[in-house]
Amino acid sequence: MKRVSLALLVLAVSLTVAPLAAQSLLYRGPNMGGTWVPDAGVVQFNFLHRFYVTPGPSHSVINYPSFTLAAGFGHAVAVGGRFATKSLVGTGAGAQSSNETELFARWRAVGAEGAPGFSVAVTPAYNLLAKSMDGEVAVDWTRGALTLEGAGRGVARELGTSGERQLALAGGVVARLTPYIAVSADLGSFVAPVNGRAAWSVALNLLIPGSPHTFSLQASNATSATIQGASIGFAPVGSNRILYGFEFTIPLHLKRFSPWFHGSGRPKLVVPEGAAVVKITQYKFATDTVRIPAGATVVWANDDVAEHTVTFDGTEPGSPTIAPSGTFSHRFDRPGTYPYHCTPHPFMKGVVVVK
């Protein structure tokens with residue numbers, strides 16, 4: 001009984017800790033590419049593992065792991081790759097391996113993942129197993145705790161065929177029940193499937209408190225997360241095989257290791273006399289509410305590993321992107337209340353009260 005009480009206490013405390021950066025699993029379904037792009041200097045590593053248990057009496061387990069690695073280069077651009085073993089179609093399209101590799105680039109042309117409104121990303125890719133130029137245009141719409149997803153996909157050579165060109169459509173929905181818990185579902189299919197059937201998935205997605213990592217428990221009939229793999233379910237048509245598994249996301253902030261090569265390099269913070277200082281650290285504004293007299297200045301100092309902004313909800317001019325170790329200063333001449341947030345991370349919020 002004591003152990004159960006202790007576990008419940010730990011869970012309750014963890015759920016009251018302010019969340020850090022919300023990663024992509026809180027804003028996309030398992031088989032959706034989404035519109036996420038790592039910040040500049042961040043390498044995103046996603047590990048997706050699904051498995052299938054064969055019917056009795058053997059009940060053998062067949063594993064289908066997939067790995068995604070992508071690096072952010074600023075200006076909402078990322079380059080990366082995906083590797084999946086035991087591709088659904090094996091040696092289709094003249095391939096001599098069941099290992100599926102996809103190289104891709106992504107440009108988020110509109111919006112930011114998780115921000116209210118629309119977000120649009122374009123992802124050109126090359127599938128080495130199919131020897132195919134593929135691509136996806138993804139659109140997300142977020143309002144409050146709800147995100148609706150849509151995607152149009154094109155492939156030059158469909159896996160498992162003699163080289164047919166194909167178009168695919170996909171859609172999904174994500175509902176965030178709390179800042180830490182979300183549920184999602186999606187459905188995608190080639191417009192004229194040659195092999196297999198529509199790909200579907202459902203998931204319970206979790207943000208790990210006090211960290212930038214997310215984790216999901218999934219059920220699906222798709223074996224990989226590539227553009228082609230997310231558009232086709234288990235073959236043959238009519239198969240009711242279900243794969244279960246999980247996905248874990250790990251953002252690696254390379255700027256965190258820059259002191260190894262360049263020293264600390266942090267400039268001394270110069271604060272105007274009488275100014276208030278708000279530090280940005282661990283994906284939050286350390287001081288939620290700042291109270292100052294009219295004519296005073298507020299200085300925001302970015303002590304985090306990622307870029308942030310100070311964007312006011314009203315007409316007050318905000319900051320450009322504040323790089324790590326950078327600062328932004330603003331003088332407030334008129335009394336009033338000035339709420340603000342970080343555009344790339346809209347869950348970061350603060351208020352300046354001018355008397």
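Lys 131 is exposed in the predicted model, with a relative accessibility of 52%. Because exposure is assigned over 50% relative accessible area, the value of 52% places Lys 131 in that class. The residue is located in the loop between β5 and β6. Its backbone is notable for a positive phi, near 55°, in a residue other than glycine. Most residues other than glycine have a negative phi.

A positive phi near 55° is also found at His 75, again a residue other than glycine. His 75 belongs to the loop between β2 (61–72) and β3. With a relative accessibility of 77%, His 75 is classed as exposed.

The strands that flank these loops belong to a barrel. Twelve strands close into this barrel, following the order β1-β2-β3-β4-β5-β6-β7-β8-β9-β10-β11-β12, and their pairing is antiparallel. From one strand to the next, the twist averages 20°. Strand β1, comprising residues 42–53, runs antiparallel to strand β12, comprising residues 243–253, and ten bridges join the two. At this pairing, Phe 51 stands opposite Tyr 244 of β12.

Strand β3, which spans residues 77–84, contains Arg 82. In contrast to the exposed loop residue His 75, Arg 82 is buried, its relative accessible area being 10%. This assignment follows because buried residues are those under 20% relative accessible area. The side chain of Arg 82 makes a polar contact of 3.5 Å with the side chain of Thr 68.

On the surface, a nonpolar patch is formed by Trp 107, Phe 118, Val 122, Val 137 and Val 139. Together, these residues present about 440 Å² of accessible area. The elements that contribute two or more residues to the nonpolar patch are β5 (117–127) and β6 (132–143). The loop between β5 and β6 is the one in which Lys 131 is placed.

Among the patch residues, Val 137 lies in strand β6. Its relative accessibility of 40% makes Val 137 partly exposed, since this class lies between the limits of 20% and 50%. Val 137 is thus partly exposed, whereas Arg 82 in β3 is buried and Lys 131 is exposed.

Key: Residues numbered from 1 in each chain as written. Predicted model: local features only at pLDDT ≥ 70, side-chain atom pairs only at ≥ 80, totals over all residues. Heavy atoms only, no water. Pairing = 2+ DSSP bridges. Helix = DSSP H or I, 4+ residues; strand = E, 2+ residues; numbered from the N terminus. Axes fitted to C-alpha atoms, helices over the stretch in contact; angles between N-to-C directions. Patch = residues over 30% accessible without salt bridge, like charges linked within 9 Å, V, L, I, M, F, W, Y side chains within 5 Å. Areas by Shrake-Rupley, 256 points an atom, 1.4 Å probe, with all protein chains shown as cover. Salt bridge = Lys/Arg side-chain N within 4 Å of Asp/Glu carboxyl O. Buried < 20%, exposed > 50% of the residue type's maximum accessible area, 1.4 Å probe, protein only. Polar contact = N/O pair within 3.5 Å; in protein donor to acceptor, adjacent residues only side chain to side chain.
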